[in-house]
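Work through the exercises below with the structure open beside the text, and try each task before reading the solution that follows.

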Amino acid sequence: MISHFCCKVSFLRYHFFKMGIGMTDDKVRVSFPAGGVSWSVLKETMAEYSSLDIEWRDGRSPLFVFKNDAETEEIGRKAFFEYFNENGLGGSRAFHGIGRMEREVLAFGLDLLQAPKSGSGVFTTGGSESILLAVKAARDAFRSKPNAPQHGLNIVMPDTAHAAFDKASQLMDLDIRRAPLRHDKRVDPVALGELIDARTILIVGSAPCYPHGVIDPLEELSDLALTHDLWLHVDACVGGWILPFFKMNGRDVGSFDFSLPGIRSISADLHKFGFCPKPASTVFFRNSEDQERAKFVADAWPSGIFRTATLAGTRPAGAVAGAWAVLNHLGTSGYRRAADRLAKMTDSYVHDIEAIDGMTMWAKPDLSLINFGSETHDMNKVAAEMMERGWLTTLTRRPVGLHIMMSLLHEEPRERYISDLKDSIRASGSSTKTLTLQSTGYAD
Ligand SMILES: Cc1ncc(COP(=O)(O)O)c(C=O)c1O
């Protein structure tokens, strides 16, 4: 047991030390290949490169990978490779099968999120792209109002809203205003309301937010949006495709979908808790004319009108086929089972962590993202000790905590994780090793 894993870990440590640059060999320059390398050699080399990977299949990565079960993964993989060569961009003109699958996936999402008949959606390559599209649509809707200011516009959002909104704001020259949280780590809607002004194009709530895994008070945000005639986007990139099943199972997760009248758009990632192959996300609009605003249209060049509903041009058709297959395979019964297992697993982690002297959950998770810390122990040192024991560790800074976005990959190793956590806490008392947020942030 010790041998293989420890060797690998010490090798990793040695490698990181030598490189001095974190996880990748990104300073190495190699010449353009002469070609002719056979598949068997390529495969072997790839395996060698990947030998430094974290053991994510054993739940040792706190983010990046999601899994329901082996059968779902295999169905997603097979469907993906059935459509390996086709292009999602040609879904309405060349690849009618992919076009039909995409329309069905979007219809499934509209149904699940209780969209009205006027609703429509877009299949994208990820949460960030879904968010970019919603922000673009909100900005253009705002600008189209009579006498609306065109510049110096802002987004008002919870302190915990995902950095993809910062990305959108940098691309679209918008300001970001982050509202403080309540004690339960959900945004304070009154404080958020106070940040709104005549140049606010959009307010945001998360279902749930990444740092604490809790759902913002969306009913209050919906009221706020209606009162101020503002666009409310719900970032359900994490929860969109699974929370409906938490709710069906009787878990108290509140309302997070179009049943709240102030919600105008929702992002929901298939490649997270939809358990579909990457890259796959969706963004839904209450009204199809809002989706039109998210589109990109250019007509100046020699090739005539260019129009895409996505930021990406060429898109992997395999991701569409994979999502369609997984959704049909799991369906309501499969997702309800997954939701039940996720909820029970999360409750067990929370129970075990809270039972450790000095450890506190910073919030009570609504889904399966946990964040915990301590008033008595140095979590940067605990994180370093966890890394020593082979757990890739992510830290948060407000407050300092260990963060895990758990999927069912984390179900089996719970006892090992908790036992290593206890050892790490003990060892941190006399340890000089520490991890900083810079080295453990959520970065590529
Ligand atoms: C709440 C939330 N929104 C958006 C995103 C961005 O998603 P993606 O990495 O697919 O672009 C994430 C990613 O973890 C997230 O947690």
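Helices (H or I, at least four residues) and strands (E, at least two) are DSSP runs that are numbered from the N terminus. The model is a predicted one, in which local features need pLDDT of at least 70 and side-chain atom pairs count only at pLDDT 80 or more, while totals for chains, interfaces and linings use all residues. Residues are numbered from 1 along each chain as its sequence is written.

**Exercise 1. Two single residues**

Find the element that holds Leu 171, and state why Leu 171 is classed as buried or exposed.

Solution. Begin with the position: Leu 171 belongs to helix H6, which covers residues 164–172. Next, recall the classes: a residue is buried if 20 or more other C-beta atoms lie within 10 Å of its own, exposed if 12 or fewer, and partly exposed in between, with C-beta atoms placed from the backbone. Leu 171 is exposed because 12 other C-beta atoms lie within 10 Å. Finally, the C-alpha atom of Leu 171 is separated by 8.9 Å from that of Leu 132, a residue 39 positions apart along the chain.

Now place Ala 198, and explain its class.

Solution. Ala 198 sits in the loop between helix H7 (189–194) and strand S4 (200–206). Ala 198 counts as exposed because it has 10 C-beta neighbours inside 10 Å. From Ala 198 to Asp 357 the C-alpha to C-alpha separation is 49 Å, and the two are 159 residues apart in sequence.

**Exercise 2. The seven-stranded sheet**

Write down the strand order of the sheet with seven strands, and say which strands are at its edges.

Solution. First, the rule for pairing is that DSSP finds at least two bridges between two strands. The order in this open sheet is S1-S7-S6-S5-S4-S2-S3, with mixed pairing. Strand S1 (120–124) and strand S3 (175–179) are the edge strands, since each pairs on one side only. From one strand to the next, the twist averages 20 degrees, where axes are lines fitted to C-alpha atoms, for helices over the stretch in contact, and angles run from 0 to 180 degrees between N-to-C directions. Helix H4 (residues 96–112) packs on this sheet and touches S1, strand S6 (263–269) and strand S7 (281–285), its direction making about 120 degrees with that of S1; contact between two residues requires their C-beta atoms, placed from the backbone, to lie within 7 Å.

As a last step, look at one pair: strand S2 (residues 154–158) and S3 run parallel and are joined over five bridges. Within this pair, Pro 158 has Ala 179 of S3 as its bridge partner.

**Exercise 3. The two domains**

State how the protein chain is divided, and what the contact between the parts is made of.

Solution. Domain 1 takes in 6–28 + 39–70 + 332–440 and domain 2 takes in 76–329, with bounds that come from an automatic or database domain assignment. The C-alpha centres of domain 1 and domain 2 are 28 Å apart. In the contact there are 20 residues from domain 1 and 23 residues from domain 2. On the side of domain 1 that touches domain 2, helix H11 (317–354) and strand S11 (369–374) are the elements that give two or more residues, and the largest share, seven residues, comes from H11. That side divides into eleven nonpolar, five polar and four charged residues, where Ala, Val, Leu, Ile, Met, Phe, Trp, Tyr, Cys and Pro count as nonpolar, Asp, Glu, Lys and Arg as charged, and the others, Gly among them, as polar.

**Exercise 4. The sheet that contains S11**

Describe how covered S11 is, and name the sheet order in which it stands.

Solution. Five of the six residues of S11 are buried, which makes this strand mostly covered. The open sheet has four strands in the order S10-S11-S13-S12, with antiparallel pairing, and its edge strands are S10 and strand S12 (394–397). S11 is joined to strand S10 (residues 359–361) by three bridges, and Met 359 has Ser 374 of S11 as its partner. With strand S13 (residues 400–405), S11 pairs over four bridges; here Asn 371 stands opposite His 403, and Ile 370 has Ile 404 as its bridge partner.
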